[in-house]
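Reader: I should like to learn how to read a protein model feature by feature. Might we take each idea in general terms and then turn to the case at hand?

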Amino acid sequence: MTVTVPDLHTRSRWLRTFKPVARPRCRLVCAPHAGGTAQAYRTWPTGLPADVEVIGVQYPGRQDRLGEPAPASMDDLVGPVADAVEPFLGEPLALFGHSMGAVVAYEVTLELERRHGQVVDLLAVSGSRAPHHREEHERHELDDAALIEELRRLNDDFGDLLDSPELLDLVLPAIRADFGVVARYLRTPPVPVRAPLLALGGSADPDVAAADLAHWRACAGGAFGTRVLTGGHFYLTDERPVLDVLAPWLPHRRSTAHRAS
């Protein structure tokens with residue numbers, strides 16, 4: 001396998017390592033939701049085994065990448081994230097994504113497999129319909145007031161953010177752009193990944209029912225599982241249950257990917 005290593009600047013723009021591990025059992029690369037940042041996963045290292053290195057994906061158009069254009073399509077994310085992850089190939093690697101991040105992680109897995117074969121040991125998707133079974137939402141076309149109400153519907157915890165005009169001016173453009181990426185995304189028929197696939201969701205998610213998670217089976221070429229946890233679309237803000245489910249699925253160094261019972 002030949003791996004093209006991107007320069008350090010490219011890697012630092014796209015990936016954030018919260019607690020470096022000298023010799024990790026595996027690396028867990030996490031893609032955030034629409035409008036989200038790598039910081040959504042900053043506390044995950046404390047809830048996972050100490051030998052798991054957690055890395056968050058930082059999309060352009062927010063926080064320290066605020067001066068860069070927000071993504072206009074899934075292709076704007078998938079190729080660069082795959083490039084940034086390539087240096088980790090050959091060692092145990094898991095990808096996780098929530099909401100928009102779920103399809104980002106899925107597409108990055110497909111891209112890495114297209115380039116190198118089976119190099120991802122686990123794909124975990126959360127809070128998302130399958131790529132071929134999506135509903136059309138034109139949230140990116142809502143005016144600011146309607147978009148804010150939609151964000152409240154998805155997550156009441158956004159209250160402080162949504163009540164701050166200064167913060168809204170900074171984050172709404174990225175949220176709107178990301179919603180546009182999601183609205184334009186569809187893959188049909190689905191392409192199965194070679195990696196084991198775990199689909200997670202919240203029991204009270206207004207947009208993704210437990211039955212919707214089962215459609216991810218069509219994207220799994222091997223082991224597949226689903227788990228429904230208590231909560232809404234952002235059920236994983238209570239991170240302990242999701243990490244308890246995820247940890248047994250994570251691969252070990254120099255082993256083939258395994259499925260937990």
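**Salt bridges, cores and buried histidines**

Author: The side chains of Arg27 and Glu91 meet in a salt bridge, with 2.8 Å from N to O. This is a predicted model, and the pair is a convenient place to begin.

Reader: What is the general idea behind such a pairing, and which parts of the chain does the pair of Arg27 and Glu91 link?

Author: Side chains of opposite charge can pair when their charged atoms come close. Here the two partners belong to distant parts of the chain, 64 residues apart: Arg27 is in strand β2 (residues 26-31) and Glu91 is in the loop between α2 and β4 (93-98). Arg27 counts as buried, at 14% relative accessibility, whereas Glu91, at 30%, counts as partly exposed.

Reader: How many salt bridges does the count come to?

Author: The count comes to 13 salt bridges. One of them joins Arg13 to Glu68, whose closest N and O atoms are 3.1 Å apart. Arg13 lies in helix α1 (residues 8-14) and Glu68 in the loop between β3 (52-57) and α2, so this salt bridge ties together parts that are 55 residues apart in sequence. Arg13 is partly exposed, with a relative accessible area of 24%, and Glu68 is partly exposed as well, with 25%.

Reader: Is Arg16, which forms a salt bridge with Asp64, buried or exposed?

Author: Arg16 is buried, its relative accessible area being 16%, while Asp64 is exposed, with 55%. The closest N and O atoms of Asp64 and Arg16 are 2.7 Å apart. Distant parts of the chain are again linked, 48 residues apart: Asp64 sits in the loop between β3 and α2, and Arg16 in strand β1 (residues 15-17).

Reader: Which residues are linked in a network of salt bridges?

Author: The network of salt bridges links Asp83, Glu86, Glu111, Arg114 and Arg115.

Reader: Let us turn to helices. How should one read the pattern of buried residues along a helix, and which residues of helix α2 are buried?

Author: An α-helix has 3.6 residues a turn, so residues three or four places apart point the same way. In helix α2 (residues 75-85), the buried residues are Leu77, Val78, Val81, Ala82, Ala84 and Val85. Seen down the axis of α2, these buried residues fall within an arc of 160°, so they line one face of the helix.

Reader: What does one look for in the interior, and how many residues has the largest nonpolar core?

Author: In soluble globular proteins, nonpolar side chains tend to be buried together. The largest nonpolar core has 52 residues, and those with the most contacts inside it are Val29, Leu197 and Trp216. Helix α3 (residues 100-116) gives the largest share of this core, nine residues. A second, separate core of 25 residues includes Leu48, Ala124, Leu198 and Trp249.

Reader: Which residues does Val29 touch, leaving out those up to four places away in sequence?

Author: With those residues left out, Val29 touches Leu15, Ile55, Val57, Val85, Phe88, Leu93, Ala94, Leu95 and Phe96. Val85 is also one of the buried residues of helix α2.

Reader: Where is Val245, and which residues is Val245 in contact with beyond its neighbours in sequence?

Author: Val245 is in helix α8 and counts as buried at 9% relative accessibility. Leaving aside neighbours within four places in sequence, Val245 is in contact with Leu198, Leu200, Arg227 and Leu229. The C-alpha atoms of Val245 and Leu229, 16 residues apart along the chain, are separated by 9.4 Å.

Reader: Polar side chains can be examined too. Where does His98 lie, and which side chain does a polar contact of 2.7 Å join to that of His98?

Author: His98 lies in strand β4 and counts as buried at 1% relative accessibility. The polar contact of 2.7 Å joins the side chain of His98 to that of Ser126. Among the residues that His98 touches are Tyr41, Gly127 and His233. His233 is placed in the loop between β7 (224-229) and α8 (239-246) and is buried, with a relative accessible area of 6%. The side chain of His233 makes a polar contact of 3.0 Å with the side chain of Ser99.

Reader: How many helices and strands does the secondary structure come to?

Author: The secondary structure comes to eight helices and seven strands. Of the 261 residues in the protein, 54% are buried.

Note on methods. Residues numbered from 1 in each chain as written. Predicted model: local features only at pLDDT ≥ 70, side-chain atom pairs only at ≥ 80, totals over all residues. Heavy atoms only, no water. Buried < 20%, exposed > 50% of the residue type's maximum accessible area, 1.4 Å probe, protein only. Helix = DSSP H or I, 4+ residues; strand = E, 2+ residues; numbered from the N terminus. Arc of directions from axis to C-beta. Salt bridge = Lys/Arg side-chain N within 4 Å of Asp/Glu carboxyl O. Core = buried A, V, L, I, M, F, W, Y, C linked by side-chain atoms within 4.5 Å. Contact = heavy atoms within 4.5 Å. Polar contact = N/O pair within 3.5 Å; in protein donor to acceptor, adjacent residues only side chain to side chain.
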